[in-house]
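Please open the model in your viewer and keep the sequence panel beside it, since the tour moves from one selection to the next.

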Amino acid sequence: MCGPSLTPGNHYFQTQSATAISGCDITSALFGQSKNKFISLFLKHEELLNRAATFLNPQATTEQVTEAGENVLVALYGGDPATQNLDELRYHSFVKAAAKTKFNLARLPPTTDAAQMHAMRSYHQVQTWLGNEKDPLKWDWMHTPSGLFPKKSEKDPAPKSLLQCISCTCKKGCTNACGCRKAGLHCSLLCKHCIGKSCENPMPVILDNESEEGDPPAPIDMVDEQLECEDIEL
């Protein structure tokens with residue numbers, strides 16, 4: 001059983017609303033995040049428990065629910081809800097993990113899109129426990145011949161170039177033995193020591209006056225689509 005039986009407003013009942021967000025028989029769970037860790041986070045941080053109270057409000061809007069859900073998940077994955085969103089946290093977590101010999105992409109924070117859908121389904125479940133009937137189709141469920149199923153995120157989990165990539169672990173120089181150089185690539189933010197800057201094979205810097213006349217300068221993205229990494233087992 002994962003449904004609460006206490007009255008709204010009770011402190012423990014608010015913790016039970018967090019149970020729906022962390023995953024139960026109806027809502028999906030977060031990979032590598034135990035329910036005990038999730039509940040402990042709420043008990044230690046009163047402001048997050050207050051965020052969970054949004055899921056008890058039968059009049060909450062989708063915007064309020066998705067914002068509350070994202071703030072909770074940012075905190076769960078070690079970020080600061082006041083300054084970061086999930087996509088930023090996911091990117092920085094990837095860069096930090098990419099230097100390791102092995103890592104599992106499933107342990108990264110979810111994308112903002114996936115988290116919002118999860119929050120909406122969790123809200124629908126909490127309201128069901130409270131006896132408030134809500135249209136599941138408005139809370140990211142869909143009808144199928146087998147019954148209700150959760151909608152899937154329509155956005156890719158990451159740029160395809162990041163899913164198969166190369167990086168180096170050179171401690172200095174990044175000369176002829178460098179994995180990036182051997183692959184004909186510049187070092188990048190994914191490289192463990194040089195991070196594409198302090199080496200002999202750095203990322204190119206494109207200045208405005210270097211672009212061809214009439215062409216806008218190349219955009220600078222958080223993730224260079226030419227990044228490729230070695231020694232990473234996904």
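Begin by selecting T112 and displaying its neighbours: leaving aside residues up to four places away in sequence, T112 touches E70, L86 and D87. Bear in mind throughout that this is a predicted model. With the side chains of T112 and E70 shown, look for the polar contact of 3.4 Å that joins them. T112 itself is placed in helix α6, which covers residues 112-129. Is T112 buried or exposed? Its relative accessibility is 15%, and because buried means under 20%, T112 counts as buried.

Now extend the selection to the whole of α6. The 18 residues of α6 should span 26 Å at 1.5 Å a residue, and the separation of its end C-alpha atoms, 26 Å, agrees with that. Colouring α6 by accessibility will show that 13 of its 18 residues are buried, so the helix is largely enclosed by the rest of the structure.

Within α6, select H124. H124 has a relative accessibility of 11% and therefore counts as buried. Which residues does H124 touch, if those up to four places away in sequence are not counted? They are K134, D135, P136, W139 and W141. Before leaving this part of the chain, click on G131, which follows α6 and has a positive phi, near 85°.

Return next to L86 and D87, two of the residues that T112 touches, and select helix α5, residues 86-98. This helix has 13 residues, and the distance from its first C-alpha to its last is 18 Å, close to the 18 Å expected at 1.5 Å a residue. At the start of α5, zoom in on N85, one of whose side-chain oxygens reaches to within 3.1 Å of the backbone nitrogen of D87. The buried residues of α5 are L86, L89, R90, Y91, F94, V95, A97 and A98, a list that can be highlighted along the helix in a single selection.

The next stop is a pair of helices. Two packed helices are described by the angle between their axes and by the distance between those axes. Select helix α2, residues 35-44, together with helix α4, residues 62-76: their axes come within 11 Å and cross at roughly 105°. That angle makes α2 roughly perpendicular to α4. To see how the two helices meet, show K37, F38, L41 and F42 on α2, and V72, L73, A75 and L76 on α4, which together make the contact. By character, the residues of this contact divide into seven nonpolar, no polar and one charged.

Move on to S188, which is found in the segment after α8 (179-182). At 1% relative accessibility, S188 counts as buried. Add P204 to the selection and draw the line between the two C-alpha atoms: S188 and P204 are 16 residues apart in sequence and 9.7 Å apart in space.

Finally, zoom out to the whole chain. How many helices and strands does the chain have? There are eight helices and two strands, and from the N terminus on the elements run α-α-α-α-α-α-β-β-α-α. Of the 234 residues in the chain, 41% are buried. Among the contacts in the chain with a separation of 6 or more, 55% are accounted for by residues 24 or more positions apart.

Notes:
Residues numbered from 1 in each chain as written. Predicted model: local features only at pLDDT ≥ 70, side-chain atom pairs only at ≥ 80, totals over all residues. Heavy atoms only, no water. Helix = DSSP H or I, 4+ residues; strand = E, 2+ residues; numbered from the N terminus. Expected span 1.5 Å × (residues − 1). Buried < 20%, exposed > 50% of the residue type's maximum accessible area, 1.4 Å probe, protein only. Polar contact = N/O pair within 3.5 Å; in protein donor to acceptor, adjacent residues only side chain to side chain. Axes fitted to C-alpha atoms, helices over the stretch in contact; angles between N-to-C directions. Parallel < 35°, antiparallel > 145°, perpendicular 65-115°, else oblique. Contact = heavy atoms within 4.5 Å. Nonpolar A, V, L, I, M, F, W, Y, C, P; charged D, E, K, R; others polar.
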